[in-house]
Structure formats: structure tokens, C-alpha cells
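The exercises below ask you to work through a pocket and several helix contacts, with a worked solution after each task. Please keep the sequence and the structure open while you read.

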Amino acid sequence: CALPIFIEMAVTRDSVRIARALITQGVLLPDPDSSGFDLLMYTAVHGNVPMMELLMDVYDLQPDATDNGDWTALHYAAMSQSPAAVEALLRRDLDCNDSATGTDHNSLCQIFGEKYGCENESLTPLNIAIVSGHSRSVQLLLEHGASLFTGVGSSILKAVQCRDPAKLRS
């Protein structure tokens, strides 16, 4: 088998065509990195839906797999500028209320802003999409049963207040 680095290169360069060619040659996927972040999570945060579908359909990467912070590909897609990535994952019947409980304080501050003072909060994809200002992703998650009171829950309004409310796009 060819080295897994070649498929990683194809994925990070957004080349579905090269990835498909490598698949026919039996190229294996690399293992997730030391934080548990895998190639599906990488493509989700970059909103590359064709590559996401290839990784799930051909390589059988599981969209509900978690990294060390309990984030799934859906959490990463909620951060992206790509509602299509969120929608592609929701079509896989993922639990859109899945809470990531392992997010450290520094990461919470990066996501929600320095004023956000909670430690050890759990985060859902909806929490992330709201604070990131991705209204279409918020709408998709709500349509699929996401709850405002799961994860950060009652703290979500505090989190939004820490950011510029004008950032939420219509």
C-alpha cells in the first residue's frame, strides 16, 4: 500500500479527484493526530462537502467520532462558513445535541471571547454556530431538533452577549 501521507495531502489540498485515484491504489488513511482530530473533521471545518462524503462513503470515517475534546465533525462544520457541510452531516442522522464536554477554558475563550468565564462547559454544534454568527447553520440545526438549552444551555445568551450581536447574519 502507498503511504497514508499521500491521501492526507490530497485531502488538505481539496483534491477529490486525486483522493479517488489514490483510493483505487489502496492508499490507507492516516490515523487521527494526537488530539484525535481526523481528516473528516479537517474537511468539515473547511466546508469541503465532496471530500467529506468521500471520506464517509469510501473510507467509512464515522461522522460521530470524537476528538479529545469530544468534538465531532458536526461541531467543526458548525464553525465553518459552510452550511452545506452542516447539512451534509445532518443528513447522516447525527445527534445535533451532542455535547462536547472536554473543551478547555482557553478554547472556550477563543470561541466565545475573553469575557466568557465558564470552565468545563459542554458545547453543542448549535452553541458554536450561534456564536460564530452562521445563521443558515443555526437554522439547519434547529430544523433538525437542536435545543438552545443543551450544552452551554442557559449560558448561551451570555456567550452571545460577549460577541458583537451584529455579527449574527440574517
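**Exercise 1. State the volume of the largest pocket, and work out which residues and elements line it.**

Solution. Begin with the volume: in this predicted model, the largest pocket has a volume of about 160 Å³. Next, take the lining, which is made up of 13 residues, those closest to the centre of the pocket being D67, W71, Y76, T103 and S107. Then assign the lining to elements: α5 (73–79) and α7 (105–112) are the ones that give two or more residues to it, and α7 gives the most, with 3 residues. Finally, sort the lining by residue class, which yields 4 nonpolar, 7 polar and 2 charged residues.

**Exercise 2. Describe how α6 packs with α9: what is the angle between their axes, and which residues meet?**

Solution. As a starting point, two packed helices are described by the angle between their axes and the distance between the axes. For helix α6 (residues 83–90) and helix α9 (residues 135–143), the axes come within 8 Å and cross at roughly 15°. Because angles under 35 degrees count as roughly parallel, α6 is roughly parallel to α9. The handedness comes next, and the crossing of α6 and α9 is right-handed. At the level of residues, P83, V86, E87 and L90 in α6 meet R136, S137, L140 and L141 in α9, and the residues of this contact divide into 5 nonpolar, 1 polar and 2 charged.

**Exercise 3. Carry out the analysis for α4 and α6, and find how many charged residues take part in their contact.**

Solution. The axis of helix α4 (residues 49–57) comes within 9 Å of the axis of α6, and the two cross at roughly 25°. The pair is therefore roughly parallel, and its crossing is right-handed. In the contact, V49, M52, E53 and M56 of α4 meet A84, A85, A88 and L89 of α6. Sorting these residues by class gives 7 nonpolar, no polar and 1 charged.

**Exercise 4. Decide whether α8 and α9 are roughly parallel or roughly antiparallel, and give the handedness of their crossing.**

Solution. Helix α8 (residues 125–132) packs with α9 at an angle of about 155°, and their axes are 8 Å apart. Since an angle over 145 degrees counts as roughly antiparallel, α8 and α9 are roughly antiparallel to each other. Their crossing is left-handed. The residues that α8 brings to the contact are P125, L126, A129 and I130, which meet S137, V138, L141 and L142 in α9. By class, the residues of the contact of α8 with α9 divide into 7 nonpolar, 1 polar and no charged.

Note on methods
Residues numbered from 1 in each chain as written. Predicted model: local features only at pLDDT ≥ 70, side-chain atom pairs only at ≥ 80, totals over all residues. Heavy atoms only, no water. 1 Å grid on protein atoms, 1.4 Å probe; cavity = no way out; pocket = protein on both sides within 12 Å on 5 of 7 lines; lining within 4 Å. Points joined across faces, edges and corners; volume = space filled by probe spheres on them. Helix = DSSP H or I, 4+ residues; strand = E, 2+ residues; numbered from the N terminus. Nonpolar A, V, L, I, M, F, W, Y, C, P; charged D, E, K, R; others polar. Axes fitted to C-alpha atoms, helices over the stretch in contact; angles between N-to-C directions. Parallel < 35°, antiparallel > 145°, perpendicular 65-115°, else oblique. Left-handed = near helix turned anticlockwise from the far one by under 90°. Contact = heavy atoms within 4.5 Å.
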